[in-house]
Amino acid sequence: MPRGELAKTPPADRLSPDELKRVFLDDVYALPGGERIDLCIQCGTCSASCPTASYMEYSPREIIAALRAGLLGRVLHSNTQWMCTSCYTCTVRCPQEIKITDLMYELKRLGIKYGYTDKHSRAAEMARIFVDLTNRRGRNQETELMMRYYMTRPAAAMANAARGLKMLLQGRLPLPGTGKTIKGLDEMRKIRETLERIEAEKLAKEGSK
Amino acid sequence: MELLYYPGCSVEYTAKAFDQSARAVCRKLGVELKELDDWNCCGATTYMSVRELVSHGNSARNLALAEKAGHTQMVAVCPACHTVLHKTNYYMEEDPKFSELIRKGLKAAGLDYTGSVLVRHLIDIIVNDIGLDAVRANVVKPLSGLKVAAYHGCMLTRPFGSIDSTERPTIMDRLLEALGAEPVEYPLTAKCCGGMVMNTETEKTVPVVAGLLKCACDRGADCIVVACPLCHMNLDFYQPEANRYLGGDCAMPIVYFTQLAGLAFGLSPEELGFGGELVSTRKLVTQYA
């Protein structure tokens, strides 16, 4: 994602509830086993299994209920998907074998793509930096990731500074800019550009439906 | 025996004790870990949150490099790397259309991947391939009397369950027993540590870590044993916050299973990366090294 994309979020929802539902389901159906979302029986096993459900504005079960009620936009505006730790407990417990963790990833992506995600979302900001670093170095240098994230969050940085210093002295944090950059960066760029083009073509096709 | 090794970003720096101890323990067991040349980040749980196909494409580059080098197996130590690489493999196998797209991306970079590389986690190799008899045969300093909470975490077994039960894994308990340690009953063994959300929503994720810590303390564990760099980070780095939340002062050393295996095999604490943690492991190391 290019820099600043999150900040350019439009004020109003870009998609109507029907369009949003269609785009979401098209993407989900394209995932292996994605069509199983239709089989949800609203039993709530996912919500009961989720380690962070109590902090989500909508629990995992409610996501599918909202989708069916045409209210997915509300979920996209919420913190729900950004509280998902990707522990896959819901996925392995779902009696209908719905890959709920994959739905969470899809919600995160849609939220960013269509500007629903709160531009102050810390998790989305972290994801943006992570992607940028991976694209620029091929590897994710954790010091640089955290320092860039802390740049606009001095209170969090201060709370962790002493421990960070200890880690630095233990040789566990490379100085920013000294991390490794892989030789195959150009290969990664070609893979990325090709797959982004495929995604964009798919999107254009969706738009013309 | 030589095994192709995918280290992953975390073990290069913050979790380098895991990398060091994994290599040392494998050498002792007659396995040379050969690093995949020019590997790239698997994407962890984060790249996937922004781009789906590209994330799998990045992950597939590693599989393509492994295949090109003629390997049929690749071992990871980080459960997130293991799960992400395994997931790309699995989805490519399950869905020919998806596989075709990923291969288009790889081909644009002069690479290809036909699905011949099996991604494994090191603990699976040690327990199921090398075997616990060979492990026992290498033990020179049994960890007698060491009470351990074997914390398996999420992605070692979920979502695929290729290594052990997704609900109640015991693979680490079995290994620790073979090393002479005493695993305590640890019912939260497969509960999440908060993962990457800890970095951005600390106040909401500290209670999760506090639960894991309290359970191990209450059960009389001398340490929590992990198989994941992120579990280690969340339990070790955020232990002060967890203690504040609990109103307690539990100082619980967090160690990698490979570090304990190394001690039992008679390797030196330096070789195993001890001293590179925030909650001191000194007492444990002095007693068993």
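The legends below walk through a few close-up views of this predicted model.

**View 1. Chain B as a whole.**
Start with the overall build of chain B, whose secondary structure comes to 14 helices and eight strands. Along its principal axes, the C-alpha trace of chain B spans about 55 × 45 × 30 Å. The radius of gyration of chain B is 19 Å, which agrees with the value near 19 Å that a compact globule of 289 residues would have. Of those 289 residues, 62% count as buried. Contacts also reach far along the chain: among those in chain B between residues at least 6 apart in sequence, 79% join residues at least 24 apart.

**View 2. A look around B:Phe18.**
Here we zoom in on B:Phe18, a residue of helix 2 (residues 16-28) of chain B. B:Phe18 counts as buried because it has 29 C-beta neighbours inside 10 Å, and 20 or more are enough for that label. Leaving aside residues up to four places away in sequence, B:Phe18 touches B:Val11, B:Val77, B:Pro229, B:Tyr256 and B:Thr258. You can also look for B:Cys228 in this view: B:Phe18 and B:Cys228 are 210 residues apart in sequence, yet 8.5 Å apart in space, C-alpha to C-alpha.

**View 3. Helix 3 of chain B meets helix 4 of chain B.**
This view pairs helix 3 (residues 52-68) of chain B with helix 4 (residues 79-94) of chain B, whose axes come within 9 Å and cross at roughly 95 degrees. Helix 3 of chain B is therefore roughly perpendicular to helix 4 of chain B, as angles of 65 to 115 degrees count as such. From helix 3 of chain B, the residues to find are B:His56, B:Ser59, B:Ala60, B:Asn62 and B:Leu63. They meet B:Val84, B:Leu85, B:Thr88, B:Asn89 and B:Tyr91 in helix 4 of chain B. The residues of this contact divide into five nonpolar, five polar and no charged.

**View 4. Where chain B touches chain A.**
The last view turns to the contact between the two chains, which takes 50 residues from chain B and 49 residues from chain A. Several helices of chain B each supply at least two residues of the side that touches chain A: helix 1 (9-12), helix 3, helix 4, helix 5 (96-108), helix 9 (197-200) and helix 10 (202-218). Helix 3 and helix 4 of chain B, the pair from View 3, are thus among them. On this side of chain B, the residues divide into 23 nonpolar, 16 polar and eleven charged.

Notes. Residues are numbered from 1 along each chain as its sequence is written. Chains are lettered from A and ligands numbered from 1 in the order in which they are written. This is a predicted model: local features need pLDDT of at least 70, side-chain atom pairs count only at pLDDT 80 or more; totals for chains, interfaces and linings use all residues. Axes are lines fitted to C-alpha atoms, for helices over the stretch in contact, and angles run from 0 to 180 degrees between N-to-C directions. Helices (H or I, at least four residues) and strands (E, at least two) are DSSP runs, numbered from the N terminus. Angles under 35 degrees count as roughly parallel, over 145 as roughly antiparallel, 65 to 115 as roughly perpendicular and the rest as oblique. Two residues are in contact if their C-beta atoms, placed from the backbone, lie within 7 Å. Ala, Val, Leu, Ile, Met, Phe, Trp, Tyr, Cys and Pro count as nonpolar, Asp, Glu, Lys and Arg as charged, and the others, Gly among them, as polar. A residue is buried if 20 or more other C-beta atoms lie within 10 Å of its own, exposed if 12 or fewer, and partly exposed in between; C-beta atoms are placed from the backbone. The radius of gyration is taken over C-alpha atoms; the globule rule is 2.2 Å times the number of residues to the power 0.38.
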